[in-house]
Amino acid sequence: MSMVTAPAPGLPLDRPKKAPLDPPPEFARLRDEQPITRVSIWDGRLTPWLVTRWADARAVLGNRAFSSEDSLPGFPNLRPGMPPSPPGALQAHDAPVHTTMRRALTREFIVKRIDELRPSIRETADRLIDDMTALDGPVDLVEHLALPLPTLVACDLLGVPYEDHPFFQDKANTLVDNSSTAEQVETAERSIAEYLLNLLLLRRSRPCGDLMSRLARKVDGASITDDDAAELAAFLLLAGHETTANMIALSTITLLQHPDQIPRLFIGPEETALAVEELLRFVTVIQAGLRRRALEDVTVGGVTIRAGEGVIIPLNVANRDPDAFPEPDRLDLGRPNARRHVNFGYGVHQCLGQSLARAELQIMLPAIFRRLPGLRVTAPIEDLPYKEASIYGVHRLPVTW
Ligand code: HEM
């Protein structure tokens with residue numbers, strides 16, 4: 001007797017037309033009925049496991065038997081034949097490379113150091129809002145607020161001189177602009193890496209109190225090269241750029257859809273922080289899911305994942321798991337356990353820049369709604385140009401106030 005097995009379904013990608021900020025509904029069905037199941041990617045050439053429950057997502061991400069090395073055969077990359085990530089992309093490496101790189105940076109992102117950056121983040125946010133409101137609306141909030149804030153903050157963090165900020169903004173914008181050609185993107189990446197290498201060398205001869213000066217000192221005494229350190233700095237800039245920008249834009253839309261909850265942003269610092277955690281949970285911009293490959297046989301949620309098999313973990317689905325978050329599709333800026341979201345991943349690769357991202361959102365979102373109480377989007381939310389990229393967002397957000 002022969003058994004016919006149904007082919008694995010594709011990765012659900014379509015979001016509801018009327019609710020474009022919600023994850024594809026098919027995911028919720030899978031989470032209820034087959035929480036760990038195979039999906040088909042690369043035209044059926046690879047069938048990695050899809051892990052949709054919050055608890056299982058943490059079990060995979062917290063287990064070092066699941067590798068992040070995206071050059072391994074069978075790693076469920078977004079597309080077949082993708083070049084392996086460069087040495088500076090620490091999220092794509094396992095120990096010991098990952099450990100050395102991460103150790104070189106951990107102290108830069110501790111809460112105390114990020115708190116020292118808050119006054120300048122506030123100043124930048126206010127200046128951007130001043131500049132935007134000096135224009136006649138409607139204007140694009142993505143171009144004027146969401147994209148420049150993370151770039152300018154990353155420049156401050158790295159110690160990029162003020163006069164070079166426009167260069168950085170220009171290159172960073174080329175990277176996220178969907179009309180950029182592959183060649184333009186490559187040139188922008190190379191210019192950023194070259195610039196940061198020169199800055200590193202300059203800071204070695206003339207140190208000041210910034211991240212690049214400290215990184216230059218660490219390179220002297222550690223096993224990473226100047227090139228690796230410059231790439232690491234470039235990765236920091238890029239890792240925080242599009243993620244934070246899209247969070248600002250999509251959170252603004254979400255808050256405008258729930259105007260009764262906006263006052264919670266202003267009650268006090270703890271309430272603002274909790275509100276931002278709920279927005280991080282609800283919006284979850286990383287839509288392509290985190291990806292791993294098993295190094296040995298591991299059982300998760302009763303399913304054995306064999307060595308060499310790939311795993312995809314869509315964080316937006318885990319963050320809407322009713323077993324972890326009651327009434328998960330309801331936005332509740334006072335949700336007591338919102339901080340348990342996995343928006344920043346989990347385990348050894350958990351987002352290094354999360355304190356910085358939180359600070360930017362905790363400052364920018366209340367500033368937008370305090371300064372622009374009449375803010376409104378000038379196009380129907382369903383018709384905005386949403387990104388079909390691995391990080392979800394809007395290309396443009398036309399607003400007036
Ligand atoms: C809302 C904004 C952000 C989101 C949603 C986000 C999300 C994430 C996620 C999910 C990971 C884990 C990747 C994995 O496990 O494979 C990660 C890693 C990382 N993020 Fe973020 N991130 C944000 C902002 C930032 C910022 C502002 C920075 C730095 C300036 C940053 C730097 C990094 C770095 C360096 C890693 C790699 C950590 C490692 O592999 O050890 N991120 N981020």
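The questions and answers below cover cavities, cores, cysteines and selected loop residues of this predicted model.

Local features need pLDDT of at least 70 and side-chain atom pairs count only at pLDDT 80 or more, while totals for chains, interfaces and linings use all residues. Residues are numbered from 1 along each chain as its sequence is written, and side-chain values use heavy atoms, with hydrogens and water left out.

Q: How many cavities of 30 Å³ or more does the structure hold?
A: A cavity here is a set of points on a 1 Å grid over the protein atoms alone, where a 1.4 Å probe fits but cannot get out. Grid points are joined across faces, edges and corners, and volume is the space filled by probe spheres set on the points. The largest cavity has about 30 Å³ of space. The number of cavities of 30 Å³ or more is one.

Q: How do the residues lining the largest cavity divide into nonpolar, polar and charged?
A: Lining residues have an atom within 4 Å of a point. They are Arg15, Leu21, Leu250, Phe282, Val283, Arg320 and Tyr392. Ala, Val, Leu, Ile, Met, Phe, Trp, Tyr, Cys and Pro count as nonpolar, Asp, Glu, Lys and Arg as charged, and the others, Gly among them, as polar. The split is five nonpolar, no polar and two charged.

Q: Which helix gives the most to the largest nonpolar core?
A: A nonpolar core joins buried Ala, Val, Leu, Ile, Met, Phe, Trp, Tyr and Cys residues through side-chain atoms within 4.5 Å. Of the 89 residues in the largest one, Leu196 and Leu397 touch the most other members. Helices are DSSP runs of H or I with at least four residues, strands are E runs of at least two, and both are numbered from the N terminus. With 15 residues, the top contributor is helix 10 (residues 226–257).

Q: Which residues does Leu196 touch, not counting residues up to four places away in sequence?
A: Contact means heavy atoms within 4.5 Å. Leu196 belongs to the largest nonpolar core. Its partners are Leu158, Phe168, Met212, Ala230, Ala233 and Ala234.

Q: Why does Cys208 form no disulfide?
A: A disulfide is counted when two cysteine sulfur atoms lie within 2.5 Å. The count comes to zero. Cys208 has no partner because the closest cysteine sulfur, in Cys155, is too far for a bond, at 14 Å.

Q: Is Thr284 buried or exposed?
A: Thr284 lies in the loop between helix 11 (269–283) and strand 5 (290–294). Its phi is near 35°, a positive value in a residue other than glycine. Buried means under 20% relative accessible area, exposed over 50%, and partly exposed in between (1.4 Å probe, protein chains only). At 1% relative accessibility, Thr284 is buried.

Q: Is Glu327 buried or exposed?
A: Glu327 sits in the loop between helix 12 (315–318) and helix 13 (354–371). Phi is near 45° for Glu327, again positive in a residue other than glycine. Its relative accessibility is 52%, so Glu327 counts as exposed.

Q: What is the omega of the cis peptide bond between Ala95 and Pro96?
A: Pro96 is in the loop between strand 3 (66–67) and helix 3 (97–105). A cis bond joins Ala95 to Pro96, with omega about 5°.

Q: Which residues is Arg396 in contact with, leaving aside neighbours within four places in sequence?
A: Arg396 is found in the loop between strand 9 (376–377) and strand 10 (398–400). It is partly exposed, at 47% relative accessibility. The contacts of Arg396 are Asp140, Val142, Leu384 and Pro385.

Terms used
1 Å grid on protein atoms, 1.4 Å probe; cavity = no way out; pocket = protein on both sides within 12 Å on 5 of 7 lines; lining within 4 Å.
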